[in-house]
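Please open the model in a viewer and keep the selection panel at hand. The tour proceeds by selections, each followed by an account of what is there.

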Amino acid sequence: MKKDIHPKYFENTKVTCSCGASFEIGSTIPELKVEICSNCHPVYTGKKKFIDTAGRLEKFMAKMEKSKKMQEEASERKKAKKEKVKKQDSQKNEEADLKEETNVSDK
Ligand SMILES: [Zn+2]
């Protein structure tokens, strides 16, 4: 090995994960902090977990909620419109029934 070109090697670098797990590896850094490890990564756990460090997920969820609200409002408006049309139709039908009845009584 050439002298003075290799960094110091730590045999027992402690790796601490944000999930609480810790283990030791060999590294040139005495201590490591990670956000995800094999103990909590979805690939290993098989559980769905969101890794969000920049608030992008929250932003997305807010967007989704807003869009859901808007959709609900739109569907309600549509429903109200439909009911209005139905009412008009039924009124027309009643008028037609009345006319038929008067026709029958004329005979
Ligand atoms: Zn972890």
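The stops below lead from the overall layout to the sheet, then to the annotated cysteines and two further residues.

**Before selecting.** This is a predicted model, in which local features need pLDDT of at least 70 and side-chain atom pairs count only at pLDDT 80 or more, while totals for chains, interfaces and linings use all residues. Residues are numbered from 1 along each chain as its sequence is written.

**Whole protein.** Colour the model by secondary structure. Two helices and three strands are present, where helices (H or I, at least four residues) and strands (E, at least two) are DSSP runs numbered from the N terminus. Read from the N terminus, the order of elements is β-β-β-α-α. Of the 107 residues in the protein, 0% are buried; a residue is buried if 20 or more other C-beta atoms lie within 10 Å of its own, exposed if 12 or fewer, and partly exposed in between, with C-beta atoms placed from the backbone. Among contacts with a separation of 6 or more, 0% involve residues 24 or more positions apart; two residues are in contact if their C-beta atoms, placed from the backbone, lie within 7 Å.

**The sheet.** Select the three strands together. They form an open sheet in the order E2-E1-E3, with mixed pairing; two strands pair if DSSP finds at least two bridges between them. E2 and E3 (31-34) stand at the edges with a single partner strand each, so one side of each has no neighbour in the sheet. On average, neighbouring strands of this sheet are turned by 35° against each other, direction ignored. For such angles, axes are lines fitted to C-alpha atoms, for helices over the stretch in contact, and angles run from 0 to 180 degrees between N-to-C directions.

**The hairpin, E1 and E2.** Select residues 10-17 for E1 and 22-27 for E2. The two strands run antiparallel and are joined by five bridges. Phe10 stands opposite Ser27 in E2, and Lys14 has Glu24 as its bridge partner. Four residues separate the strands of this hairpin, and Gly20 in the turn has a positive phi of about 105°. Along E2, zero of the six residues are buried.

**The other side of E1.** Now display E1 with E3. Their pairing is parallel, over four bridges. Thr16 stands opposite Lys33, and Cys17 stands opposite Val34.

**The annotated cysteines.** Select Cys17, Cys19, Cys37 and Cys40, which an unreviewed UniProt entry lists under "binding site". UniProt positions are given in the numbering used here, feature names are shortened, and annotations may be inferred rather than shown by experiment. The four residues are spread over 24 residues of sequence, yet they cluster in space, with a largest C-alpha distance of 8.8 Å.

Centre the view on Cys17, which belongs to strand E1. Is Cys17 buried, partly exposed or exposed? Cys17 counts as partly exposed because it has 18 C-beta neighbours inside 10 Å. Not counting residues up to four places away in sequence, Cys17 touches Ser22, Val34, Ile36, Cys37, Asn39 and Cys40.

Move next to Cys19, in the loop between E1 and E2. Cys19 is also partly exposed, because 15 other C-beta atoms lie within 10 Å. Which residues does Cys19 contact, leaving aside its neighbours within four places in sequence? They are Cys37, Asn39 and Cys40.

**Asn12.** Return to strand E1 and select Asn12. Asn12 counts as exposed because it has 9 C-beta neighbours inside 10 Å. From Asn12 to Ser27 the C-alpha to C-alpha distance is 7.6 Å, and the two are 15 residues apart in sequence.

**Asp4.** The last selection is Asp4, in the segment before E1. With 4 C-beta neighbours inside 10 Å, Asp4 counts as exposed. The phi of Asp4 is near 65°, a positive value in a residue other than glycine. Most residues other than glycine have a negative phi.
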